[in-house]
Amino acid sequence: MSLDPTKLPDPPMPSYTFTVYHRDVFEKSKFKDYDSLHENRLARSHARASYLASVIKSQNGAQGGEMLELVPKSTDTIYRNGEYVATFLIGTQMIKNYLLIDTGSDLVWWQCGPCEACYKQDQPLYDSTASKTFRIIGCNKYALRCRTVDPAFHCNQENFECRYDLVYGDRVQTKGFIVDDVITFNLDDHRTIRITFGCSKDQTGQKNFSAFSAGIVGLGRGDGQYSLPSQFRGHIMSMCLPTFNSGKGSVLSFHTSKWPRVTSAKLLFNYRFPSLYYVNIYKVFINDREVPVSPSWWKFKSDMGGGMLVDTGTTFTLLPHDFYIIFRYIFREEVRDIPMAEDPSNTFDTCYKEYPSRGNLYFPVVKLYFGSVNSSTMLLLTQEQVIVNHRGVYCLAFVGWDYDFSILGMTQLQGVGLTFDS
């Protein structure tokens with residue numbers, strides 16, 4: 001009996017799993033009460049969504065066939081408005097650091113000592129000179145290992161370092177060079193892997209960087225070189241993001257799903273925005289009532305606008321007004337005997353009064369289906385994933401806006417096992 005080696009299955013890819021926390025675990029002590037914490041969260045979400053809208057709106061004016069990447073060259077929202085951090089052990093000293101995770105950018109960068117101008121961080125500083133596994137990634141005169149297609153990167157011809165200079169919206173900058181070192185996974189039997197990242201030595205505008213984070217983990221899909229999924233060859237990414245107020249951690253995994261029963265969403269490639277996580281949204285229900293739009297309504301337009309993307313920096317789900325008006329109408333009809341109220345923040349337009357004498361309030365569930373209508377593709381949203389409590393009123397945690405694409409926010413994904421398969 002002979003075997004055809006071309007038909008043998010590939011060995012399973014090793015899994016890589018990080019512990020993930022919401023940033024409020026580190027920042028809540030700065031706020032006097034829950035409402036002020038929530039308002040800060042609202043402001044971050046608005047800034048992040050506005051940034052994404054401005055990038056997509058401006059880049060959709062490019063010439064047909066031109067591939068455009070979303071990279072953090074001109075905005076501070078990528079750094080300051082990340083909502084989740086992941087835990088890493090780096091170098092031979094296994095320095096424990098927390099880095100903001102960002103599905104909208106491609107570079108992993110670490111604040112890296114010895115510093116020229118580092119901001120104060122609430123955790124040990126990673127000192128590259130103390131790690132025996134640290135290496136500088138050089139570039140030759142052709143810059144083959146340096147992403148010079150991006151104007152933020154260049155090959156220094158004096159020492160052949162691949163240098164970068166990322167400028168954010170409020171003139172905050174991070175400067176450094178491309179290196180690699182070993183990180184250790186506590187949750188995967190102390191497995192180690194060498195990753196490429198930016199060693200950031202100079203952070204101009206230090207006051208705008210958050211002390212609880214030592215850098216950024218770029219989870220973008222598009223560059224094929226620097227982002228973490230690209231380095232892990234991660235065709236499957238699964239996550240169960242912790243709820244905002246739990247104070248607990250959860251996990252983010254590559255190559256495997258840690259949960260036997262999760263919602264599966266297919267990732268769609270958008271050639272204008274290859275880094276972003278567009279998902280195959282198909283239908284939306286409120287309780288058992290379908291929001292009556294054709295599944296084709298969610299497809300990309302001729303200019304690659306439209307669709308729905310998942311973003312770790314946006315807190316609330318944003319929907320195009322045409323869809324949102326129908327969605328809101330059905331939701332209001334499904335709410336029984338709870339009087340409406342005004343939102344003190346003027347952010348939400350569908351809010352309800354709280355009456356302690358009435359006991360617990362129950363609101364409709366929202367069902368999102370990806371690709372088809374069946375149990376494995378359904379994302380079931382209940383109570384705190386649908387409603388936000390703010391200054392004594394309960395508001396629908398979905399917002400309409402004047403753009404043709406949707407953003408699936410983190411309020412809707414908290415506490416949910418979700419697998420993305422490209």
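A residue is called buried when its relative accessible area is under 20%, exposed when that area is over 50%, and partly exposed in between. The exercises below apply this to a predicted model.

**Exercise 1.** Decide for Cys115 and for Cys118 whether the residue is buried, partly exposed or exposed, and describe the link between the two.

*Solution.* Begin with Cys115, whose relative accessibility is 31%; because this value lies between the cut-offs of 20% and 50%, Cys115 counts as partly exposed. Continue with Cys118, which has a relative accessible area of 19% and is therefore buried, since the value is under 20%. Turn then to the link itself: a disulfide joins Cys115 to Cys118, with an S to S distance of 1.6 Å. The last step is the handedness, and with -75° about the S-S bond the link of Cys115 and Cys118 is left-handed.

**Exercise 2.** Work out where in the chain Cys139 and Cys155 lie, and which hand their disulfide has.

*Solution.* The sulfur atoms of Cys139 and Cys155 are 2.0 Å apart, and the two residues form a disulfide. This pair links distant parts of the chain, for Cys139 lies in the loop between strand E6 (135–136) and strand E7 (153–155), while Cys155 belongs to strand E7, and the two are 16 residues apart. The torsion about the S-S bond of Cys139 and Cys155 is about 100°, so the disulfide is right-handed. As for accessibility, both Cys139 and Cys155 are buried.

**Exercise 3.** Describe the disulfide between Cys351 and Cys395, and then place it among the disulfides of the protein chain.

*Solution.* Cys351 is joined to Cys395 by a disulfide with an S to S distance of 2.1 Å. The pair links distant parts of the chain, with Cys351 in strand E21 (residues 351–353) and Cys395 in strand E25 (residues 393–396), 44 residues apart. With 105° about the S-S bond, this link of Cys351 and Cys395 is right-handed. Cys351 has a relative accessibility of 0% and so counts as buried, and Cys395, also with a relative accessible area of 0%, is buried as well. For the wider view, the count comes to 5 disulfides, and when the bonded cysteines are counted along the chain the pattern reads 1-8, 2-3, 4-6, 5-7, 9-10.

**Exercise 4.** Find the pairing partners of strand E22, and state how its two faces are covered.

*Solution.* Strand E22 spans residues 366–370. It pairs in the antiparallel sense with strand E16 (residues 281–286) over 5 bridges, and Val284 stands opposite Leu368 in E22. E22 also pairs in the antiparallel sense with strand E23 (residues 378–381), over 4 bridges, where Leu380 in E23 is the bridge partner of Lys367. To sort the side chains, recall that in a regular strand they alternate between the two faces of the sheet. In E22, Val366, Leu368 and Phe370 lie on one side and Lys367 and Tyr369 on the other, and all of them are buried, leaving both faces covered.

**Exercise 5.** Characterise the largest pocket by its volume and by the residues that line it.

*Solution.* The volume of the largest pocket is about 380 Å³. Of its 23 lining residues, the closest to the centre are Glu384, Ile387, Val388, Asn389 and Tyr394. Helix H2 (34–59) and strand E24 (387–390) each supply at least two residues of this lining. Sorted by kind, the lining residues of the largest pocket divide into 11 nonpolar, 9 polar and 3 charged.

Methods. Residues numbered from 1 in each chain as written. Predicted model: local features only at pLDDT ≥ 70, side-chain atom pairs only at ≥ 80, totals over all residues. Heavy atoms only, no water. Buried < 20%, exposed > 50% of the residue type's maximum accessible area, 1.4 Å probe, protein only. Pairing = 2+ DSSP bridges. Disulfide = S-S within 2.5 Å. 1 Å grid on protein atoms, 1.4 Å probe; cavity = no way out; pocket = protein on both sides within 12 Å on 5 of 7 lines; lining within 4 Å. Points joined across faces, edges and corners; volume = space filled by probe spheres on them. Nonpolar A, V, L, I, M, F, W, Y, C, P; charged D, E, K, R; others polar.
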